[in-house]
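Got your viewer open? Load the model below and we'll walk through it one selection at a time.

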Amino acid sequence: MPSNASEVPASGVPASGVPASGVPAQTAATATGRLPLASTASNALKIVIVGGFGVGKTTMVGSVSEMRPLSTEEVMTQASAGVDDLSAVRDKRTTTAAFDFGRITVDATRVLYLFGAPGQKRFWFLWEQLFTGSLGAVVLVDTARVEESWYAIDRLEHHRTPFIVAVNRFAPGPNLDEVRTALDLSDDVPLLECDARRRESSRDVLIALVHHLARYRPPASAPERSS
């Protein structure tokens with residue numbers, strides 16, 4: 001059984017931790033297959049994907065996981081009326097009630113576990129537990145609802161958790177420079193575009209995070225973001 005992610009050195013994944021392609025050959029060759037966990041796996045690396053409601057976290061975990069992802073997606077009912085804001089995602093019919101879980105094999109001994117956090121405010125209390133032991137995080141952003149990413153970034157900075165930001169494009173919108181300004185991101189935080197539905201695009205986001213972890217140095221202090 002893999003060791004707990006909290007045992008991984010705080011310095012993050014070494015630059016040699018992922019092949020040049022970012023994904024092992026056996027994983028890349030089985031885009032539609034489902035691989036069993038290798039018996040040699042002994043080191044678990046934990047990554048969290050956070051962001052606003054309906055931004056594509058479940059989709060990203062499902063598109064890139066080498067195993068059939070564990071999902072807590074539930075059909076939304078009238079009980080959520082007046083609780084969850086559906087104004088920007090009117091076609092959404094399901095919601096993550098706890099978290100999503102996927103897996104990617106890095107090499108013979110290391111396995112990357114992906115946790116997709118729920119987006120609704122009423123489930124934000126789960127984020128603190130999901131951040132525990134994580135190497136880093138991906139913040140997914142919908143440019144039509146940039147403000148919904150502020151809380152995620154605030155919490156990650158508070159926990160001093162390294163992260164990158166990926167814009168999941170739903171429609172034409174602000175360019176990356178404008179998004180960086182709107183999120184008040186420092187130049188040290190990688191910002192890129194992605195399509196969470198495409199495995200290759202989701203993989204590239206994870207590669208960008210691994211590269212960021214390899215050179216990450218914790219700030220002297222964690223700033224608090226005003227709401």
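Which β-α-β unit do β6, α4 and β7 make, right-handed or left-handed? Select the three and look: the unit is right-handed, as the path from the first strand over the helix to the second runs clockwise with the strands pointing away from the viewer. Helices (H or I, at least four residues) and strands (E, at least two) are DSSP runs, numbered from the N terminus.

A word on the ground rules: this is a predicted model, where local features need pLDDT of at least 70, side-chain atom pairs count only at pLDDT 80 or more, and totals for chains, interfaces and linings use all residues. Residues are numbered from 1 along each chain as its sequence is written, and side-chain values use heavy atoms, with hydrogens and water left out.

Stay on β7. Six of its six residues are buried, so the strand is largely enclosed by the rest of the structure; buried means under 20% relative accessible area with a 1.4 Å probe, protein chains only. Phe163, Val165 and Val167 point one way, while Ile164, Ala166 and Asn168 point the other.

Now add the neighbours. β6 runs parallel to β7, joined by five bridges (strands pair if DSSP finds at least two), and Val141 sits opposite Val167. Next show β8 (residues 191-194), also parallel to β7, with four bridges; here Val167 faces Glu193. The crossover from β7 through α5 to β8 is right-handed.

Last stop: Val139. Among its contacts (heavy atoms within 4.5 Å) are Val50, Ile153, Phe163 and Val165.

Notes
Buried means under 20% relative accessible area, exposed over 50%, partly exposed in between (1.4 Å probe, protein chains only). Lists of a residue's contacts leave out its neighbours within four places in sequence.
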